[in-house]
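Grab a pencil and work through these exercises with the model open beside you. Try each task before you read its solution.

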Amino acid sequence: MLATPTALPQLDELAAIVAQNTRDDGIFDTDIPRLSLIRFSTTTQPLQTLQHPALCIIVQGSKQVMLADEIYVYGPARHLVVSVDLPVSSQIIEASPDKPYLCIRLDLDLPALGTMIMEVAPPAAEPAGICSKAICLAETSPQFLESALRLLRLLDSPDDIAYLAPLAERELMYRLLRGPQAHKVRRMLMPDSRLQQVNRAIAWIRQHYAAPFSIEQLAAEARMSPSSLHQHFRDVTAMSPLQYQKQLRLQEARRLILANAYDAATAAQHVGYDSPSQFSREYRRLFGAPPIQDVTRLKQEPGRYVEG
């Protein structure tokens, strides 16, 4: 049985490093490539965002991630791996000024991982009931946290980062390839795997999200039959290709209204909606308020809606 969070002394040191390097609430890039540190001293409202492939390790507090109708709750005892681009809703559910939410996020270097799977032997047997989704949780072992510590300690010695950070990251990825998520990560990187085929469909939708498409056209891009694509796309993302496209459209429209000051009708047209009323209905269904009201709320309370 794995140790509980209170029995993992590495968590205390990791929390101290994250707190030292994040004086305020927010998401902070570091000098280590693709490594971000996240801190929030209050809980947040749910935020719909596009999560890219990443490893997320919470060292204090807890978070809830929703993929379609599926909910993933995790804290310091577990880590989360996302293997393809996914529209998710994220919410910090445990945080306070005295014990803020603290998280480490490492965006995955997929080419480097692809090289490693040819070198690192997989675990002896695939665990029963392995998660088929592109987002999964796993128990965090002391060895896993030790690897994360070696990477984060380099923040105190910036002159060593260029040489030692790739080695420390490689050790952490080794733990990933030998841990509970190993078979999922391998499937993600094998060129003929179902996950990789679905990933091709996802990449095509992301590139053409504003245009209509047929399932036959998308299946051809993914090199699958239409029925197989529909089944495996839902297995991986918990939604159909059209639902995935809709989420991308609405998230991009929200970004355009918030960041570029588009009005709702212009944003709707830009992301592929012909009907402003349909856009407004679907926007409200996803974000909980009509476009202008939603964006006004975001501007008034930005910290409570930041993805973490």
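## Exercise 1: charged pairs across the chain

E171 is partly exposed, at a relative accessible area of 22% (buried means under 20% relative accessible area, exposed over 50%, partly exposed in between, with a 1.4 Å probe and protein chains only). Before we go on, note that this is a predicted model, where local features need pLDDT of at least 70, side-chain atom pairs count only at pLDDT 80 or more, and totals for chains, interfaces and linings use all residues. Residues are numbered from 1 along each chain as its sequence is written, and side-chain values use heavy atoms, with hydrogens and water left out.

Task: find the salt-bridge partner of E171, then look at two more salt bridges, R153 with E13 and E169 with R34.

Step 1. Start with the rule: a salt bridge is a side-chain nitrogen of Lys or Arg within 4 Å of a carboxyl oxygen of Asp or Glu. Side chains of opposite charge can pair when their charged atoms come close.

Step 2. Apply it to E171: the partner is R150, and their closest N and O atoms are 2.7 Å apart. E171 sits in helix 4 and R150 in helix 3, so this pair ties together parts that are 21 residues apart in sequence. (Helices are DSSP runs of H or I with at least four residues, strands are runs of E with at least two, and both are numbered from the N terminus.) R150 is partly exposed too, at 36% relative accessibility.

Step 3. Now R153 and E13, whose side chains meet in a salt bridge at 2.8 Å, N to O. R153 lies in the loop between helix 3 (142–152) and helix 4 (161–178), while E13 is in helix 1 (residues 9–20), so the pair ties together parts 140 residues apart in sequence.

Step 4. Last, E169 and R34 form a salt bridge at 2.9 Å, N to O. This one links helix 4, home of E169, to the loop between strand 1 (26–29) and strand 2 (35–40), where R34 is found, 135 residues away. E169 is buried at 12%, whereas R34 is partly exposed at 29%.

Step 5. For the full tally, the rule gives 13 salt bridges.

## Exercise 2: a histidine in a strand

Task: is H79 buried or exposed, and which side chain does its own side chain make a polar contact with?

Step 1. Place it: H79 belongs to strand 7 (residues 78–82).

Step 2. Check the accessibility: at a relative accessible area of 2%, H79 is buried.

Step 3. Look for its polar partner: the side chain of H79 makes a polar contact with the side chain of T140, at 3.1 Å. (A polar contact is a pair of N or O atoms within 3.5 Å; within protein, one must be able to donate a hydrogen and the other to accept it, and residues adjacent in sequence count only if both atoms are side-chain atoms.)

Step 4. List some neighbours: leaving out residues up to four places away in sequence, H79 touches, among others, L55, Y74, F144 and L176. (Contact means heavy atoms within 4.5 Å.)

## Exercise 3: another histidine

Task: which residues is H232 in contact with, leaving aside its neighbours within four places in sequence?

Step 1. Find H232 in helix 8 (residues 226–237).

Step 2. Note that H232 is buried, with a relative accessible area of 19%.

Step 3. Read off the contacts of H232: R194, V198 and M224.
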